[in-house]
Amino acid sequence: SSKEHHASMNDEGWKRCQSFAEQVISTVESSQKYALRGPYLILLELASVKVRQASPDGKEGLVTSLRNEICRYGNKFGPLASCCFADVRSYLRVLVEEGSSSSGPSDIPKDVLHVLQWAKELWTSSYQSNGAADGGGPSEG
């Protein structure tokens, strides 16, 4: 059917974009000191679009993929770029809205809980590595 053909074309285009972004990441990171944010943002956008377009019964794995891309981006750029969390804000919104079917404690989606824990750990480790751990930050535990 036409709809199936359209879906397979979208999937093929998605895979090509993903492959290209991964290729740029690999090429740049093997030849330059600093990584580029753009290819990582493309991967975030692709994961986000895939989640938003998915049928309700096929979302869970895609939401986890989006969560993983958010964490990948944050691990790479969080310690380096102050804009990191502004960059991922819209993707966090998608994660919260679309991940609501798989709740953890307190009805917070499990992928959102995972990202919150990851962000806390990233912030704590960055805060401590900057030599500011002796004043005012969150305590571990």
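**Helix packing and core of the predicted model**

Of the 141 residues that make up the protein chain, 29% count as buried. The structure described here is a predicted model. The chain contains five helices and zero strands, and its elements, taken from the N terminus on, run α-α-α-α-α. Among the contacts in the protein chain with a separation of 6 or more, 54% are accounted for by residues 24 or more positions apart.

The packing of α2, α3 and α4 was examined pair by pair. For α2 and α3, the axes come within 9 Å and cross at roughly 160°; because angles over 145 degrees count as roughly antiparallel, α2 and α3 are therefore described as roughly antiparallel to each other. The crossing of these two helices, α2 and α3, is left-handed. On the α2 side the contact is made by Arg37, Tyr40, Leu41, Leu43, Leu44, Ala47, Ser48, Lys50, Val51 and Arg52, and on the α3 side by Lys59, Leu62, Val63, Leu66, Glu69, Ile70, Arg72, Tyr73, Lys76 and Phe77. By residue class, the contact of α2 with α3 divides into 12 nonpolar, one polar and seven charged residues.

For α3 and α4, the axes come within 10 Å and cross at roughly 165°, and α3 and α4 are therefore likewise roughly antiparallel to each other. Helix α3 passes α4 in a left-handed crossing. The residues that α3 brings to this contact are Lys59, Val63, Leu66, Arg67, Ile70, Tyr73, Gly74 and Phe77, while α4 brings Cys84, Asp87, Val88, Tyr91, Leu92, Val94, Leu95 and Glu98. The contact of α3 with α4 is made up of 11 nonpolar, one polar and four charged residues.

The remaining pair among these helices joins α2 (residues 37-53) to α4 (residues 84-98), which pack at an angle of about 20° with their axes 10 Å apart. Because angles under 35 degrees count as roughly parallel, α2 and α4 are therefore roughly parallel to each other. Here, too, the crossing is left-handed, with α2 passing α4. From α2, the contact draws on Arg37, Leu41, Leu44, Glu45, Ser48, Val51 and Arg52, and from α4 on Asp87, Val88, Tyr91, Val94 and Glu98. The residues of the contact of α2 with α4 comprise six nonpolar, one polar and five charged.

The largest nonpolar core has 25 residues, of which Leu44, Leu66, Ile70, Tyr73, Leu95, Val115 and Trp118 touch the most other members. At least two residues of this core are supplied by each of α1 (2-31), α2, α3 (59-77), α4 and α5 (110-129). Leu44, one of these core residues, appears both in the contact of α2 with α3 and in that of α2 with α4. When residues up to four places away in sequence are not counted, Leu44 touches Leu66, Glu69, Ile70, Tyr73, Val88 and Tyr91; of these partners, Leu66, Glu69, Ile70 and Tyr73 are listed for α3 in its contact with α2, and Val88 and Tyr91 for α4 in its contact with α2.

Individual positions were then considered in their local settings. Leu41 has its place in helix α2 and is partly exposed, with a relative accessible area of 23%. Beyond residues up to four places away in sequence, Leu41 touches Tyr73, Asp87 and Tyr91. The C-alpha atoms of Leu41 and Glu69 lie 8.9 Å apart in space, although the two residues are 28 residues apart in sequence.

Ile25, found in helix α1, counts as buried at 6% relative accessibility, because buried means under 20% relative accessible area. With residues up to four places away in sequence left out, Ile25 touches Pro39, Tyr40, Leu43 and Arg72; among these partners, Tyr40 and Leu43 of α2 and Arg72 of α3 also take part in the contact of α2 with α3. Ile25 and Pro39 are 14 residues apart in sequence and 6.4 Å apart in space, C-alpha to C-alpha.

Ile108 is found in the loop between α4 and α5. Its relative accessible area of 30% makes Ile108 partly exposed. Between the C-alpha atoms of Ile108 and Val96, which are 12 residues apart along the chain, the separation is 8.3 Å.

Terms used:
Residues are numbered from 1 along each chain as its sequence is written. This is a predicted model: local features need pLDDT of at least 70, side-chain atom pairs count only at pLDDT 80 or more; totals for chains, interfaces and linings use all residues. Side-chain values use heavy atoms; hydrogens and water are left out. Axes are lines fitted to C-alpha atoms, for helices over the stretch in contact, and angles run from 0 to 180 degrees between N-to-C directions. Helices (H or I, at least four residues) and strands (E, at least two) are DSSP runs, numbered from the N terminus. Angles under 35 degrees count as roughly parallel, over 145 as roughly antiparallel, 65 to 115 as roughly perpendicular and the rest as oblique. A crossing is left-handed if the near helix is turned anticlockwise from the far one by less than a right angle, and right-handed if clockwise. Contact means heavy atoms within 4.5 Å. Ala, Val, Leu, Ile, Met, Phe, Trp, Tyr, Cys and Pro count as nonpolar, Asp, Glu, Lys and Arg as charged, and the others, Gly among them, as polar. A nonpolar core is a set of buried Ala, Val, Leu, Ile, Met, Phe, Trp, Tyr and Cys residues joined through side-chain atoms within 4.5 Å. Buried means under 20% relative accessible area, exposed over 50%, partly exposed in between (1.4 Å probe, protein chains only).
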